[in-house]
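Here's a quick tour of a protein chain for anyone just starting out with structures. Have a look at the model first, then we'll walk through it topic by topic.

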Amino acid sequence: ATASGDRDTEATGLISLLLSSSTDSFAALGLQPSPSICTSSVRSAFRKRALVVHPDKCKHSLAEEAFRALVEAFESLHNPVNLRRAYDERTKTDEKPPAKRARKQSSRAARTSEAGNNTARSWSWAELERNLHRYEELEKRFKSSQSTKYADRRAVSSLQQAQRVCADLDERAGIVQNPLLHAEAATLDVSTQPEMAGPVAADPLHLLQLLRYLRETHLYCLFCGQRFHSDEDMRQSCPGTLEDDHEADHDELDDF
């Protein structure tokens with residue numbers, strides 16, 4: 001009974017926090033704003049708090065509304081570009097006088113509420129776990145596929161190509177200050193500086209982050225070399241996020 005009471009108290013406190021107009025995405029996930037936060041930390045924080053307020057786990061009358069607010073916070077931070085943008089905005093907000101800060105938070109809360117009403121996710125707990133597992137498995141597969149070949153020129157070339165495409169599509173969409181484009185690899189030319197491949201190989205997830213960003217933001221697949229009309233079009237026409245997915249698809253056609 002005590003354990004159940006503690007869980008109810010925790011859920012009530014978290015629901016109150018999530019539904020407060022002064023709560024930003026970092027606070028909603030229990031994260032301290034920092035430029036070093038990674039997307040895996042965002043996923044872990046989301047899962048931990050979802051266990052408390054998900055309607056399948058919590059019977060509080062406001063659990064569904066609180067979970068929707070938690071999903072909004074997760075979706076605003078799970079992408080590396082959005083994560084950096086949110087950190088920059090939070091830093092600027094903290095530097096403003098209290099009155100302006102309050103108005104900004106009130107405006108943000110209104111936008112979040114409107115977005116929540118329009119795009120609310122009714123994930124069951126099983127669906128939530130599958131979505132998070134999908135992200136984690138994609139990173140594992142990428143790391144495994146790159147462990148032996150990431151340092152070769154083809155992989156470095158893919159990274160450079162992804163950055164060029166990303167810069168072009170961002171410019172067309174009016175997106176500025178994309179942190180994925182401000183890495184050492186952006187100006188690396190391995191044809192003239194092969195010894196400089198080291199800094200690129202040190203962070204293989206940089207390429208994966210770019211591939212995911214291109215798909216999620218611009219509906220673009222680097223290895224298909226095209227933009228798609230919709231998420232559904234991409235799911236049906238593109239074999240996957242990774243280069244290996246496309247190679248496997250070509251192998252099947254060759255076998256046929």
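Among contacts in the chain between residues at least 6 apart in sequence, what percentage join residues at least 24 apart? It's 68%. Keep in mind that you're looking at a predicted model.

**The chain as a whole**

- You'll find 12 helices and two strands here.
- Reading from the N terminus, the order of elements is α-α-α-α-α-α-α-α-α-α-β-β-α-α.
- The chain has 256 residues, and 38% of them count as buried.
- Its accessible surface adds up to about 14,600 Å², with 48% of that belonging to carbon and sulfur atoms.

**Helices α3 and α4**

- Helix α3 covers residues 39-53, so to speak a run of 15 residues. From its first C-alpha to its last it reaches 21 Å, close to the 21 Å expected at 1.5 Å a residue.
- Helix α4 also checks out: its 15 residues should span 21 Å at 1.5 Å a residue, and its end C-alpha atoms are indeed 21 Å apart.
- On α3, the buried residues include Val 42, Ala 45, Phe 46 and Val 53, and Arg 43 is on that list too.
- On α4, the buried residues include Ala 66, Phe 67, Leu 70, Val 71 and Phe 74, along with Glu 72.
- As a rule, an α-helix has 3.6 residues a turn, so residues three or four places apart point the same way.

**The nonpolar cores**

- The largest nonpolar core is made of 32 residues, and Leu 29, Phe 46 and Phe 67 have the most contacts inside it.
- Who chips in? At least two residues of this core come from each of α1 (2-18), α2 (25-29), α3, α4 (63-77), α5 (80-95) and α7 (125-146).
- Helix α4 gives the largest share of this core, with nine residues.
- Which residues does Phe 46 touch, leaving aside its neighbours within four places in sequence? They are Leu 29, Phe 67, Leu 70, Val 71, Phe 74, Trp 123, Leu 128 and Leu 132.
- Another core lies apart from that one; it has 19 residues, among them Val 81, Leu 138, Ala 162 and Leu 180.

**A look at His 60**

- His 60 sits in the loop between α3 and α4.
- Is His 60 buried or partly exposed? Its relative accessible area is 30%, so it counts as partly exposed; the cut-off for buried is under 20%.
- In sequence, His 60 and Asp 8 are 52 residues apart, yet their C-alpha atoms are 8.2 Å apart in space.
- Setting aside neighbours within four places in sequence, His 60 is in contact with Thr 12 and Ile 15.
- The side chain of His 60 also reaches the backbone nitrogen of Leu 62, at 3.0 Å.

**Cysteines without disulfides**

- How many disulfides does the structure hold? Zero.
- Cys 221 is in no disulfide, and the nearest cysteine sulfur, 3.6 Å away, is that of Cys 238. A disulfide needs sulfur atoms within 2.5 Å, so a gap of 3.6 Å doesn't qualify.
- Cys 224 is in no disulfide either; for this residue the nearest cysteine sulfur is that of Cys 221, 3.6 Å away.
- With a relative accessible area of 1%, Cys 221 is buried, whereas Cys 224 counts as partly exposed at 28%.

Notes. Residues are numbered from 1 along each chain as its sequence is written. This is a predicted model: local features need pLDDT of at least 70, side-chain atom pairs count only at pLDDT 80 or more; totals for chains, interfaces and linings use all residues. Side-chain values use heavy atoms; hydrogens and water are left out. Helices (H or I, at least four residues) and strands (E, at least two) are DSSP runs, numbered from the N terminus. The expected span of a helix is 1.5 Å times one less than its number of residues. Buried means under 20% relative accessible area, exposed over 50%, partly exposed in between (1.4 Å probe, protein chains only). A nonpolar core is a set of buried Ala, Val, Leu, Ile, Met, Phe, Trp, Tyr and Cys residues joined through side-chain atoms within 4.5 Å. Contact means heavy atoms within 4.5 Å. Accessible areas come from the Shrake-Rupley method with a 1.4 Å probe; for residues, only the protein chains shown count as cover. A polar contact is a pair of N or O atoms within 3.5 Å; within protein, one must be able to donate a hydrogen and the other to accept it, and residues adjacent in sequence count only if both atoms are side-chain atoms.
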